[in-house]
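Here are my comments on the model you asked me to look over. I have kept them as separate points so that each can be checked against the coordinates.

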Amino acid sequence: MNLVLLGPPGAGKGTQANLLETERSLVKLSTGDMLRAAVAAGTELGRKAGDIMERGQLVPDDIVIGLIAERLDAGGKGKGFILDGFPRTIAQAEALDRLLAERGKKLDVVIKMQVDDDPLVKRIAGRFTCADCGEGYHDAFKTPKVPDVCDRCGSTQFVRRRDDTEEVVRSRLEAYHAQTEPLIDYYRTQGKLKCVDGMAEIGAVHRAIGRALDGVKLKSGKTPG
Ligand code: AMP
């Protein structure tokens, strides 16, 4: 099954993608993670993208489309992929349809995570992740069970994103409303859109996404490949 998680920054796409990856043997493809890795590695692409990311704007379509094309070509051991943070513009969505068609694949479902703007700034400003496995945490909503030790891998190293400040989050929200929200109609027209309440707690959102994905399976009578 190939799916897209769609929603504003802070909606919990990364958290839900991590849960689905393990549970359903899917491969998570996050353009945000790929870009942050390029920035950390100091590659030319990373230098181009870094400043744009720190302003909370979208990096050019050709860069992220190129990153996704490479990953689709590299394949994966999973039973499909979860796209987290891609596509973010109509041009990216059209490119994705093309890239998949060229490879004899298709997108099965797009899960839209509904979240109001106001709580997002609070959600994002308190979040941090394990530096080793990427597990997500939050100062107020999800602290590690043992203080300063990752629940998932035992690491004691944690990182906060440079673009998780209130000012940058507001720019990221603006970019979402102006450039990414049109994808809702794009995928509704394709009959692929399913909506879940992203305001609920992590486990409840995960179960709602699970029901939406199982609904896709039932409709076609088999697990989409
Ligand atoms: P994310 O981790 O998905 O919130 O992405 C962090 C930042 O990376 C965004 O604010 C953008 O600057 C950039 N970015 C990630 N994915 C994309 C994309 N599909 N298109 C354009 N910019 C992106």
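The points below go from the overall fold to single residues.

1. Please keep in mind throughout that this is a predicted model. The secondary structure of the protein chain consists of nine helices and eight strands, and the C-alpha trace, taken along its principal axes, spans about 45 × 35 × 35 Å.

2. On overall dimensions, the radius of gyration of the protein chain is 17 Å, which agrees with the value near 17 Å that a compact globule of 225 residues would have. Of the contacts with a separation of 6 or more, 70% are between residues 24 or more positions apart.

3. Buried residues account for 46% of the 225 residues in the protein chain. The area that the protein chain exposes comes to about 11500 Å², and 51% of this is supplied by carbon and sulfur atoms.

4. As to charge, the protein chain carries 35 positive and 33 negative charges, and the mean positions of these two sets lie 5 Å apart.

5. Which residues does Arg172 touch, once its neighbours within four places in sequence are left aside? Arg172, which belongs to helix α7 (residues 166-180), is then in contact with Pro9, Gly56, Ile124, Arg127, Arg161, Asp163 and Asp164. One of these partners, Asp163, offers its backbone oxygen to the side chain of Arg172 at 2.7 Å. Arg172 counts as buried because its relative accessibility is 10%, where the cut-off for that class is under 20%.

6. The peptide bond between Phe86 and Pro87 is cis, with omega at about -5°, and I would point the reader to it in the text. Pro87 itself is placed in the loop that runs between β3 (81-84) and α5 (90-102).

7. Two residues other than glycine have a positive phi and can be considered together: for Ser25 the value is near 50°, and for Asp148 it is near 65°. Ser25 is located in the loop between α1 (13-24) and β2 (27-30), whereas Asp148 is located in the loop between β6 (136-138) and β7 (158-159).

8. Are these two loop residues buried or exposed? With a relative accessible area of 36%, Ser25 is partly exposed, since it falls between the limits of 20% and 50%. Asp148 has a relative accessible area of 55% and is therefore exposed, the cut-off for that class being over 50%.

Methods: Residues numbered from 1 in each chain as written. Predicted model: local features only at pLDDT ≥ 70, side-chain atom pairs only at ≥ 80, totals over all residues. Heavy atoms only, no water. Helix = DSSP H or I, 4+ residues; strand = E, 2+ residues; numbered from the N terminus. Buried < 20%, exposed > 50% of the residue type's maximum accessible area, 1.4 Å probe, protein only. Polar contact = N/O pair within 3.5 Å; in protein donor to acceptor, adjacent residues only side chain to side chain. Contact = heavy atoms within 4.5 Å. Rg over C-alpha atoms; globule rule 2.2 N^0.38 Å. Areas by Shrake-Rupley, 256 points an atom, 1.4 Å probe, with all protein chains shown as cover. Lys, Arg positive; Asp, Glu negative; His and termini not counted. Charge placed at Lys NZ, Arg CZ, Asp CG, Glu CD.
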